[in-house]
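Visitor: Hey, can you walk me through this one? I'm new to reading structures, so plain words please.

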Amino acid sequence: MLTYFKKKYILPVAAAGFLFVGASFKDDFFAIAKQLEIFTELFKTVNMNYVDQTNPGEMMDKAIKSMLADLDPYTIYFNEQDVVKFKINSTGEYTGIGAIITRKEGTVIIKEPYKGYPADKAGLKAGDEIIQIGDVNLEDFKEDASQLLKGAKNAKIEIKYKRQGKVNTTQLVLEEVDVKAVPFFGKVDDKTGYIVLSQFNQKASAETKDALEKLKKDGAERIILDLRGNPGGLLNEAVNICNLFVPKNEVIVTTKSKIEKHNNTYKTTREPVDLEIPLVVLVDGKSASASEIVAGALQDLDRAVIVGSRSFGKGLVQRPIDLTYGTQVKVTISRYYTPSGRCIQALDYSKKDANGKATRTDEKSYTAFKTRKGRTVYDGGGILPDVELEETKLSAISESLQKNDGIFNYVTSYYYKNPNLGDKIPTITDADYTAFKQFLKAEKFTFDTETELALKKTLEIAKKEKIDESITAEYEQLLTALQKSETSQLDKFQSEIKNLIIDEIILRYQYKEGLYQYYLKNNSEIKKATAILGNPAQYNKIVAQ
């Protein structure tokens, strides 16, 4: 997510539509006015005449969101409740329980409690299923349950939760939760500092600067900046973070739009912290938007070595615009370009395939650009690292295990069978891994890989067309063969999956801080980055080649 903050303008919805769209499409003003009139008349007519009682607010909410879904996934309408969540993400501050929660198949699960915050203080653990909040039984509650866990500071909320089949009660006391942009920094060795930047909120550059200065004071002579999994955030924070390592008045990113006022060049505005300190930036396929601005600019300026796997490829810029009644729309207004001129957007949302999905830029059509020292870099598909590492790319089976909570649920069971592990580093033996596979089988875990989902969809269509009886035997054979293949994939990627299990176990006992401490000595990407920084000849060869 890449976002601007500008002066607020609150206008009636219709007027805002005319002013914003009309300014861009003067030739189509009549067509826009005509369609708005038709829609207004239709909306009123349906609500007045439909046989059952309608909910106008819900209908309009769905209509707007469906309309915008045809553009790109980043142009989004926020109703009043959505606006609150969006502002939390942007500021990094909110009043709540201090935990990541998810809703899946009608259940509300604690995914990760933050150390020292209300959920943790109340004794909640990852894997707990919240079944009642106050007087509200969540079994029949279809709204966003997280809203029931927000309120004034020091407000008390009684909850019931299920753990390992047993129902428990506890009381949460709400407090201000500070979502840190830099959740961890430390030293890999005597000379190598390590900074995790997890998001680009309003505190990102200040927290990164503070971490950098403290590490330098503590003897760090080289730095690893970890942007893996960072989905982005505020553009100005990306510029300010680059500014820590590059001079004042350096171009970091340019935005280009069909509307002239949205064409901007963003330069550094401050004196840097350190222009010489060797720097490695870690990225992966989940590093997006503002993360790609930082990685792309530092690569183009030959200021850092980029290590990992190709980043996500989101080169689109959004701006939030306030509407009436506390609502908001976030609109894609432009594309961004790195200092060498690259646009790294990977998907073309103006061109859809037969399934309605945006098409990916063909590698054959990538354009070559030059960094400041003459190295060749390419546009079209995210930031390609200077040093690619296969281990940053998860296999399809591992992604399925994470997406569908196979590892998460196994570790929940493991946690209660091993209550005294504490701050010890776990090991996953072959026997443990066999137990993991048996757990998946006992839980009838469904991998839901793309192939499996496509096969199930084929049977659903066959049932609708009443031809399923003639293909049932073949379908079952294919499904059995696919499941055998998935089982073999568990063995093929055993080492990768074991590492993911270890990560989740450490997270349960030692929280995020413990996991990052473990990474300092055991993560292969950090080891590679440290080795590059520890070899000045190799480092200089990469940034100068």
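Guide: Sure! Keep in mind that this is a predicted model. Let's start with Glu175, whose side chain makes a polar contact with the side chain of Lys121, at 3.1 Å.

Visitor: Okay, and where is the place of Glu175?

Guide: Glu175 sits in strand S10, which covers residues 175-178. Gly151 is 24 residues apart from Glu175 along the chain, and their C-alpha atoms are separated by 8.9 Å.

Visitor: Let's talk sheets. In what order do the 6 strands of the open sheet come?

Guide: The order is S11-S12-S13-S17-S18-S25, and the pairing is mixed. Strands S11 (184-187) and S25 (387-388) stand at the edges with a single partner strand each, so one side of each has no neighbour in the sheet.

Visitor: Does anything pack on that sheet, and if so, which helix?

Guide: Helix H15, residues 524-533, packs on it. H15 touches S12 (192-196), S13, S17, S18 (305-308) and S25, and its direction makes about 160° with that of S17.

Visitor: Parallel or antiparallel: how do S13 and S17 pair?

Guide: Strand S13 (residues 222-226) and strand S17 (residues 279-283) pair in the parallel sense, over 4 bridges. For example, Leu225 has Val281 in S17 as its bridge partner.

Visitor: What about S15, which strands does it pair with?

Guide: S15 is residues 251-256, and it pairs with S16 (residues 264-267) in the antiparallel sense over 4 bridges. S15 also pairs with S20 (residues 328-337), again antiparallel, over 3 bridges. Thr255 is a nice one to look at: it stands opposite Asn264 in S16, and in S20 its bridge partner is Tyr336.

Visitor: And where do the side chains point in a regular strand?

Guide: As a general rule, they alternate between the two faces of the sheet.

Visitor: New topic: how many salt bridges are there in the whole structure?

Guide: A search of the whole structure finds 20 salt bridges. One of them is between Asp386 and Arg375, with the closest N and O atoms 2.8 Å apart.

Visitor: Where in the chain are Asp386 and Arg375?

Guide: Asp386 is in the loop between S24 (376-378) and S25, while Arg375 is in the loop between S23 (368-370) and S24. They are 11 residues apart, and the pair links distant parts of the chain.

Visitor: Last one! Which residues make the nonpolar surface patch of about 480 Å²?

Guide: That patch is made by Leu42, Val46, Tyr50, Val51 and Met59. If you want to find Leu42, look in helix H2, residues 29-49.

How values were computed. Residues numbered from 1 in each chain as written. Predicted model: local features only at pLDDT ≥ 70, side-chain atom pairs only at ≥ 80, totals over all residues. Heavy atoms only, no water. Pairing = 2+ DSSP bridges. Helix = DSSP H or I, 4+ residues; strand = E, 2+ residues; numbered from the N terminus. Patch = residues over 30% accessible without salt bridge, like charges linked within 9 Å, V, L, I, M, F, W, Y side chains within 5 Å. Areas by Shrake-Rupley, 256 points an atom, 1.4 Å probe, with all protein chains shown as cover. Salt bridge = Lys/Arg side-chain N within 4 Å of Asp/Glu carboxyl O. Polar contact = N/O pair within 3.5 Å; in protein donor to acceptor, adjacent residues only side chain to side chain. Contact = heavy atoms within 4.5 Å. Axes fitted to C-alpha atoms, helices over the stretch in contact; angles between N-to-C directions.
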